[in-house]
Amino acid sequence: MTVATPLDATAPPPKRVGIVRSFLCDEGFRNATYKGQEGYEVQVRLTSYRSLPLSCVEGLTLKVDGQEVSAENITFIMNGYSHSISELPQLSSIWWFILDTATLFVAHEGGLSAGVHEVEGTLITVEPYITAGRFSFYNSAKKSLQLEQE
Amino acid sequence: MTAVSGFRVGVTLHSFAQEYLNLQWSFEDLMQMAGLLGGGVEIVGPSHHRGFPYVTDEFECQFKGAVERYHLTPTCYGTYADPYMLQHRNLTPDELVEYTIPQLQGAHKLGFTLVRLQYFVYPVIERLLPYAEKYNLKMGYEMHVPLTFESPRTQELLRQVEHISSEHLGMIPDCGIFARSVPQFAKDNAVRRGIPENLVNHAVELWKAKVPLKEALDELTSRGLEKSNLTVLERFWGSFGQSNPESLLDIMPYIIHIHGKFFSMVDGDEPDIRFEEVVQALLKGGYTGWLSSEFEGNASDSFEVLKAHQEMLHHYIRANA
């Protein structure tokens, strides 16, 4: 008897549950300490279809429970390196791979209270070939996120 | 899956963008499905591997391993010029060359013999040709909307390709330039964005009548289209071209690859793209390269819609052989 191996498949591989793609991830929303500072973390994704150099991230904004978070309080952490939001546009040789998440650490004394928080975010990106010069795309997301226990 | 014709049908992994980006299918899964969809595999550099614009040794192993496992033929590597990647200025000609060379090298490393170029490298093409020779690559300018046959830019590219007349330089028509109608999903999308249906329909009429974009937008604005919605209808002009597939015959010697762009399949046919005429032209012209099915639309399952697309192509190939 011949046993069919996965490599002889005639049907496509099964789909995982996956995610609903959005700038804001469902997971990884938690209080954290970064370089001695108290605060919390939000995990984020690129909303393009392709990797982009960080110089194509024109900006990002965050609102938690209706309060705008100052960009100066946000640290962008990717692959173990941290950057301020204002320096992203200069980083043309650091790439954000399309499937990777980045962490936004927000300095916030005492962290957030336990429970659900309303998180809103906008990622402003440039698709570096569309069409005549830099054109900004705004990708917004709004989620009720449960603060994960440490 | 190879039919009696001289050209072959494969797939670009870009077709699976929805499931890939939603982490439902992995890169390995996509490669496996390419094996079930004609065996020719095209990838998009910055979508499908880390390290872009370079190709790492690790990805080389991953890619070549999958090519072997699923008996694939690497057909086309999608390069990018990304001229606007810097904040305050466009890439200089030197930078365009510097950015493209590792992509050519990477494509070769992965076993591709053909790359897609964006037209922005037009001014530096003479400096890239030696690398195409070195890495044994054909490079092709993608003719993607708005680069229809009629566009001055396409004409300029064609003049260059003709003038240089190198086996390393050609054209890659994208079937999005052969639309007969605006796809339903694009119309639905416009209505969903709050644009009144009569304005959407009027935009479709203007598109059909080939009214130039600026004029059309002025007219739609005068009929009450809000400024914030301009870009939604602009997309009709930006995504769907109205060239005649017969024009393929005029540039047949320069066609090195085809992007079989499609948006939906309804009852076994693509309602908006003139695929039968595309197939007829390719057969008549004796085209022997690959056509990558390239799905860009909303579907519950990309694999199923790609399978339907390829069945349609093979049906047209048999009917016109």
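In chain B of this predicted model, Thr12(B) stands opposite Glu42(B), a residue of strand S2(B). That facing pair is a handy place to start, since it belongs to the pairing of S1(B) with S2(B), strands that run parallel and share two bridges. From there, this briefing moves out to chain B as a whole, then to two of its helices, and lastly to a sheet in chain A. The model scores ipTM 0.93 and pTM 0.95.

**Strand S1 of chain B and its partners**

- S2(B), the partner in the opening example, covers residues 40-44.
- S1(B) also pairs with S8(B), again in the parallel sense, and here there are four bridges.
- Within that second pairing, Arg8(B) is set opposite Trp290(B) of S8(B).
- Is S1(B) mostly covered or mostly open? It is mostly covered, with four of its five residues buried.
- As background, the strands of a sheet are joined through backbone hydrogen bonds, and they may run parallel or antiparallel.

**Chain B as a whole**

- Chain B contains 13 helices and eight strands.
- Its radius of gyration is 20 Å, close to the 20 Å that the globule rule gives for 321 residues, so chain B is as compact as a globular protein of that length.
- Measured out along its principal axes, so to speak, the C-alpha trace of chain B spans about 55 × 45 × 40 Å.- Of the 321 residues in chain B, 48% are buried.
- Among the contacts in chain B with a separation of 6 or more, 81% are between residues 24 or more positions apart.
- The mean pLDDT of chain B is 96, and 98% of its residues reach 70 or more.

**Helix H13 of chain B**

- H13(B) runs through residues 302-320, which gives it 19 residues.
- From its first C-alpha to its last, H13(B) reaches 27 Å, close to the 27 Å expected at 1.5 Å a residue.
- Which residues of H13(B) are buried? They are Ser302(B), Phe303(B), Val305(B), Leu306(B), Ala308(B), His309(B), Gln310(B), Met312(B), Leu313(B), Tyr316(B) and Ile317(B).
- These buried residues pack against several elements of chain B, including strand S1 (8-12), strand S7 (258-262) and strand S8 (290-295).
- Helices also take part in this packing: among them are H1 (17-21), H2 (27-36) and H12 (275-284) of chain B.

**Helix H9 of chain B**

- H9(B) covers residues 197-208, and its twelve residues should span 16 Å at 1.5 Å a residue; the end C-alpha atoms are 16 Å apart, which agrees.
- Four residues of H9(B) are buried: Val200(B), Ala203(B), Leu206(B) and Trp207(B).
- Why can these buried residues be said to line one face of H9(B)? Seen down the helix axis, they fall within an arc of 120 degrees, so they line one face.
- On the other side of H9(B), the exposed residues are Glu197(B), Asn198(B) and Glu205(B).
- The buried residues of H9(B) pack against helices H8 (184-192), H10 (213-222) and H11 (230-239) of chain B.
- Just after H9(B) comes Lys210(B), which takes a positive phi of about 55 degrees.

**A four-stranded sheet in chain A**

- Four strands of chain A form an open sheet in the order S5-S4-S10-S11, with antiparallel pairing.
- Which strands lie at the edges of this sheet? The edge strands are S5 (67-68) and S11 (136-146) of chain A, each of which pairs on one side only.
- S10(A), residues 116-126, is joined to S11(A) by eleven bridges in the antiparallel sense, and Val116(A) has Gln146(A) of S11(A) as its bridge partner.
- S4(A), residues 57-64, pairs antiparallel with S10(A) over seven bridges; here the bridge partner of Leu62(A) is Gly121(A).
- S4(A) and S5(A) run antiparallel and are joined by two bridges, with Val64(A) opposite Gln67(A).
- The hairpin of S4(A) and S5(A) has two residues between its strands, and Asp65(A) takes a positive phi near 50 degrees there.

**A closer look at Thr122 of chain A**

- Thr122(A) has its place in strand S10 of chain A.
- Thr122(A) counts as partly exposed because it has 17 C-beta neighbours inside 10 Å, whereas a buried residue would need 20 or more.
- Leaving aside neighbours within four places in sequence, Thr122(A) is in contact with Leu60(A), Thr61(A), Tyr138(A), Asn139(A) and Ser140(A).
- Thr122(A) and Gly59(A) are 63 residues apart in sequence, and their C-alpha atoms are 8.2 Å apart in space.

Methods:
Residues numbered from 1 in each chain as written. Chains lettered and ligands numbered in written order. Predicted model: local features only at pLDDT ≥ 70, side-chain atom pairs only at ≥ 80, totals over all residues. Expected span 1.5 Å × (residues − 1). Buried ≥ 20, exposed ≤ 12 C-beta atoms within 10 Å, placed from the backbone. Contact = placed C-beta atoms within 7 Å. Rg over C-alpha atoms; globule rule 2.2 N^0.38 Å. pLDDT = per-residue confidence, 0-100. Pairing = 2+ DSSP bridges. Arc of directions from axis to C-beta.
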